[in-house]
Amino acid sequence: MRVAAFSELTGPDGVSVIDQATPEPEHGEAVVSVEACAINRHDLWVLEGDPAMVDTDDLPFVSGLDVAGTVDAVGDGVTAVEPGDRVVLCPNETCGTCRYCREGPENLCENFSLYHGGLTEAARVQADRLVRLPDGVEPVDAAALPTAYMTAFHMLRRVDAGPGDLVFIPGVTGGVGVAGVQLASVLGAHSVGTSSSAAKLTRVESLGLDYAIESTDPDEIRAAVTEIGTVDGVLNHLGGEYTQVGLDVLRRGGRMAVCGRTAGGTSEINIPDLFLGHKRVIGSTMGTQGDLERLVDLVADGELTPEIEATYSLEETGAAFAAMQDRDSVGKLVVTP
Ligand SMILES: NC(=O)c1ccc[n+]([C@@H]2O[C@H](COP(=O)([O-])OP(=O)(O)OC[C@H]3O[C@@H](n4cnc5c(N)ncnc54)[C@H](OP(=O)(O)O)[C@@H]3O)[C@@H](O)[C@H]2O)c1
Ligand SMILES: [Zn+2]
């Protein structure tokens, strides 16, 4: 079978399509014929050689978390799915035995890790991590959901977003950002977001963004959001200097969920403002399989249409990562092996 592997960790030109043996499912596993695999900033960190993400001894490395397709074969002991089922993978990998696995939510697992291996024609996965797709939910839409939409949905739950709330999303045009806008709207909340690009903001406004701010400058953003209103919750996937901006515009007692560090892995924050304002900063990673099931239902019910910028063949996987690196796209980029 063909696999889009990271042969060198040099960025998009390090992707090459190679042949590998088609996997056989072992106990508890399924092999999924991959019809769609969305890419994420996470894969790009790996491809750019972030030493925290992958060891060069592991090359060629097959990334890709967000797998959707059809079950080809199942191993012993699998009852959750059968060959022919249309499915999407929840890429959470958990130990199933720690205190957090027992008590939930599962994404707190102390041995939490993520599935990698979807940028291929056939992926070997844990069968009980597959969610069945109802009729009408297409694999490309389903593949958009796990990392971006599940993460944004979980963050919205963590900040307790509800009807009438104002949610602030710095960097609103990417996977997590657009998902945050669409899902805030599903929950009855309003959204305000930022981008360096007026054209991309116009597109996100058409997807439900209520207030668009074209700026990357923290002072300008702070002033513009303050003019719009008091923020009830912040979805922060940028980190860096945007963390304090988010805290500045947050109402007293408001919550900020943090899931990323695109603009910087450290943030300086104003401690007196934090405690005097009773504000909460909440770390959040991925979501639960239950979140993913709920998202699949929202798509099936027509309440959510994941935003797909473009689809790419397996051979074009490097071009998909180049588009992400160039900050050229709105929403999700999906490889269709
Ligand atoms: N912890 C978790 O479970 C989890 C899950 C999913 C994602 N994440 C993290 O969340 C972040 C977003 O992921 P994603 O897949 O949505 O990425 P993405 O699609 O690449 O996000 C693009 C957005 O980020 C903005 N951006 C990019 N570089 C920037 C910079 N240097 N300064 C300011 N803004 C910048 C872009 O702004 P413009 O519109 O101006 O181009 C755009 O709005 C990543 O850090 C990712 O690792 C974490
Ligand atoms: Zn665990």
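Which residue in β11 does I169 stand opposite? In this predicted model, the residue facing I169 is G193 of β11. The pair belongs to the place where strand β10 (residues 166-169) meets strand β11 (residues 190-195). These two strands run parallel and are joined by four bridges.

The wider setting is an open sheet of six strands. Reading across it, the order is β12-β11-β10-β13-β14-β15, and the pairing is parallel. At the edges lie β12 (211-214) and β15 (280-283), each of which pairs on one side only. Neighbouring strands of the sheet are turned against each other by 20 degrees on average, direction ignored. In general terms, strands of a sheet pair through backbone hydrogen bonds, in either a parallel or an antiparallel manner.

Helix α3 is a good guide to the surroundings of this sheet. α3 lies across β13 (231-236), β14 (250-258) and β15, and its direction makes about 150 degrees with that of β14. Two helix partners of α3 can be described in turn, beginning with α9. Packed helices are described by the angle between their axes and by the distance between those axes. For helix α3 (residues 139-158) and helix α9 (residues 289-300), the axes come within 9 Å and cross at roughly 120 degrees. That angle falls outside the 65 to 115 range for roughly perpendicular and is not over 145, so α3 and α9 are oblique to each other. The crossing in which α3 passes α9 is right-handed. On the α3 side, D141, A142, L145, P146, Y149, M150, F153 and H154 take part, and they meet D291, L292, L295, V296 and V299 of α9. By class, the residues of this contact comprise 10 nonpolar, one polar and two charged.

The second partner is α4 (175-186). The axes of α3 and α4 come within 8 Å, with a crossing angle of roughly 55 degrees. α3 and α4 are therefore oblique to each other as well, and their crossing is right-handed. Here A148, Y149, T151, A152, F153 and L156 of α3 meet G175, V176, A179, G180, L183 and A184 of α4. Nine nonpolar and three polar residues make up this contact, with no charged residues. Y149 and F153 appear in the contact with α4 and also in the contact with α9.

Just beyond α3, the chain holds a backbone feature worth a look. D160 has a positive phi of about 65 degrees although it is not a glycine. D160 is placed in the loop between α3 and β10.

Both α3 and α4 return in the description of ligand 1. There are 29 residues around this ligand, and those that come nearest are G174, G175, S195, S196 and G260. The elements giving two or more residues to the shell are α1 (41-47), α3 and α4. In composition, the shell has eight nonpolar, 17 polar and four charged residues. G175, one of the nearest residues to ligand 1, is also among the α4 residues that meet α3.

A further helix pair is formed by α6 and α7. Helix α6 (residues 218-228) packs against helix α7 (residues 242-249) at an angle of about 20 degrees, and their axes are 10 Å apart. Since angles under 35 degrees count as roughly parallel, this description applies to α6 and α7. α6 passes α7 in a right-handed crossing. From α6, the residues P218, I221, R222, V225 and T226 meet Y242, V245, D248 and V249 of α7. Six of the residues in this contact are nonpolar, one is polar and two are charged.

Finally, two cis peptide bonds can be noted, one at L59 and P60 and another at G104 and P105. The bond joining L59 and P60 has an omega of about -5 degrees, and P60 lies in the loop between α1 and β4 (66-74). For the bond from G104 to P105, omega is near -10 degrees. P105 is found in the loop that lies between α2 (99-103) and β7 (113-114).

Terms used
Residues are numbered from 1 along each chain as its sequence is written. Chains are lettered from A and ligands numbered from 1 in the order in which they are written. This is a predicted model: local features need pLDDT of at least 70, side-chain atom pairs count only at pLDDT 80 or more; totals for chains, interfaces and linings use all residues. Axes are lines fitted to C-alpha atoms, for helices over the stretch in contact, and angles run from 0 to 180 degrees between N-to-C directions. A crossing is left-handed if the near helix is turned anticlockwise from the far one by less than a right angle, and right-handed if clockwise. Two residues are in contact if their C-beta atoms, placed from the backbone, lie within 7 Å. Ala, Val, Leu, Ile, Met, Phe, Trp, Tyr, Cys and Pro count as nonpolar, Asp, Glu, Lys and Arg as charged, and the others, Gly among them, as polar. Two strands pair if DSSP finds at least two bridges between them. A residue is near a molecule or strand if its C-beta atom, placed from the backbone, lies within 6 Å of it.
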